[in-house]
Amino acid sequence: ARTGVGTYTTNLLEQLLILDPTISLLLVTNEALPEFPWLDAERVEVAQVRKHSGNNFLWSNFALRRELAKHTLDLFHSPGYTIPLRLSAPAIVTIHDVSYAARPEWYPYRGGRLRNIWYRASALRARRIITGSDFSRREIIRCYGVPSELVVLIPYGVDRRRFRRICDKEKLENLRQRYRLRSDFLLFVGDIHPRRNVERIIAAFGMIRDGGARFRDLELVLIGRDLAQTKVLGVEDSAVRRLGYVPEEDLPLFYSAAGAFVFPSLYEGFGLGVLESMACGCPVIVGRGTACEEVAGDAGIAVDPWSA
């Protein structure tokens, strides 16, 4: 299943090949890639470098760096937060958010302090930093102390070939039958993590269902990895559906069928799901004061994500 960084990387590579017919790309990956039409291009060389452990620092600074040394590069671009600490080519990095630095209490993982040091070192060593929202740009400058002129805002886009309003009743009914969905449901898409505020979503959902008979058949559907083992907080299990990852081709159908996309994140650097759901004509509810409010603009409803 593709993550937000994976979606960003895939769309970026495809558009680079379209926009610049002279560019050639070396794509270094630690896993087998899905079939992409643009991978057949003569201008894309793929190097799969095995990852012998789950340690990204070791892979990036040893295996990746060894592979890069075999090639003559004009520029190295990391689409996900970090770069090897020693590179012969100039490097740029995309930093989607700095939640690790801004709210370290949300990441009490083993090696978290070393991860933060590496993230900061990557930001300070890069020639340029790309980010997708003005909120994240301000946060990167604040948390890492990098000169403002080095942080470049390039808003993310959405693939309108995939994410569009689907009105085909047969396809939508087929989705409901396959996942045993109720006729009315609210939707969350993303990793279930403390900063994503899912426990408050569930609590608010329970209050809505207790508010009257018209909402008794409403369902809350959660799509994405559960990194927090979120508690149901008193809401009956049958009303809160955790589907984990779903096939990517089903996402536009979920967005098109949902009554609203609920994403009141406490801290967010962009929020691709907000953009995807709006492209599918789904109303969005986002957290005030985060990049999601910036992405949704006047098209969304912004709420206080800290409100109990």
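How many bridges join strand E7 to strand E10? The legends below take up this and other close-up views of a predicted model.

**View 1. The pairing of strand E7 with strand E10 in the predicted model.** Two bridges join strand E7, which covers residues 185–189, to strand E10, which covers residues 260–263, and the two strands run parallel. Within this pairing, Leu 186 stands opposite Ala 260 of E10.

**View 2. An open sheet of six strands, with helix H7 packed on it**. The strands follow the order E9-E8-E7-E10-E11-E12, and their pairing is parallel. At the edges lie strand E9 (240–244) and strand E12 (301–303), each of which pairs on one side only. From one strand to the next, the twist averages 25 degrees. Helix H7, made of residues 198–209, packs on this sheet and touches E7, strand E8 (219–223), E9 and E10, while the direction of H7 makes about 165 degrees with that of E8.

**View 3. Helix H1 and the elements against which its buried residues pack**. Helix H1 spans residues 4–19, 16 residues in total, and reaches 22 Å from its first C-alpha to its last, which is close to the 22 Å expected at 1.5 Å a residue. The buried residues of H1 are Gly 6, Thr 7, Tyr 8, Thr 9, Thr 10, Leu 13, Glu 14 and Leu 17. An α-helix has 3.6 residues a turn, so residues three or four places apart point the same way. The partners of the buried residues of H1 include five strands, namely E1 (25–29), E2 (44–48), E3 (76–78), E4 (91–94) and E5 (128–131), together with helix H9 (272–279).

**View 4. The second largest pocket and its lining**. This pocket holds about 390 Å³ of space and is lined by 20 residues, of which Arg 200, Ile 201, Ala 204, Val 262 and Pro 264 lie nearest its centre. H7 and E10 are the elements that give two or more residues to the lining of the pocket, and the largest share, seven residues, comes from H7.

**View 5. The largest cavity, lined in part by residues of H1 and H9**. The structure holds one cavity of 30 Å³ or more, and about 30 Å³ of space lies in the largest cavity. Its lining consists of Thr 7, Asn 11, Gly 157, Val 158, Asp 159, Phe 163, Leu 272 and Glu 276, with at least two residues supplied by each of H1 and H9. Thr 7, which belongs to this lining, is also among the buried residues of H1.

Definitions and conventions: Residues are numbered from 1 along each chain as its sequence is written. This is a predicted model: local features need pLDDT of at least 70, side-chain atom pairs count only at pLDDT 80 or more; totals for chains, interfaces and linings use all residues. Side-chain values use heavy atoms; hydrogens and water are left out. Two strands pair if DSSP finds at least two bridges between them. Helices (H or I, at least four residues) and strands (E, at least two) are DSSP runs, numbered from the N terminus. Axes are lines fitted to C-alpha atoms, for helices over the stretch in contact, and angles run from 0 to 180 degrees between N-to-C directions. Contact means heavy atoms within 4.5 Å. The expected span of a helix is 1.5 Å times one less than its number of residues. Buried means under 20% relative accessible area, exposed over 50%, partly exposed in between (1.4 Å probe, protein chains only). On a 1 Å grid over the protein atoms alone, a cavity is a set of points where a 1.4 Å probe fits but cannot get out, and a pocket is an open set with protein on both sides within 12 Å along at least five of seven lines; lining residues have an atom within 4 Å of a point. Grid points are joined across faces, edges and corners, and a volume is the space filled by probe spheres set on the points.
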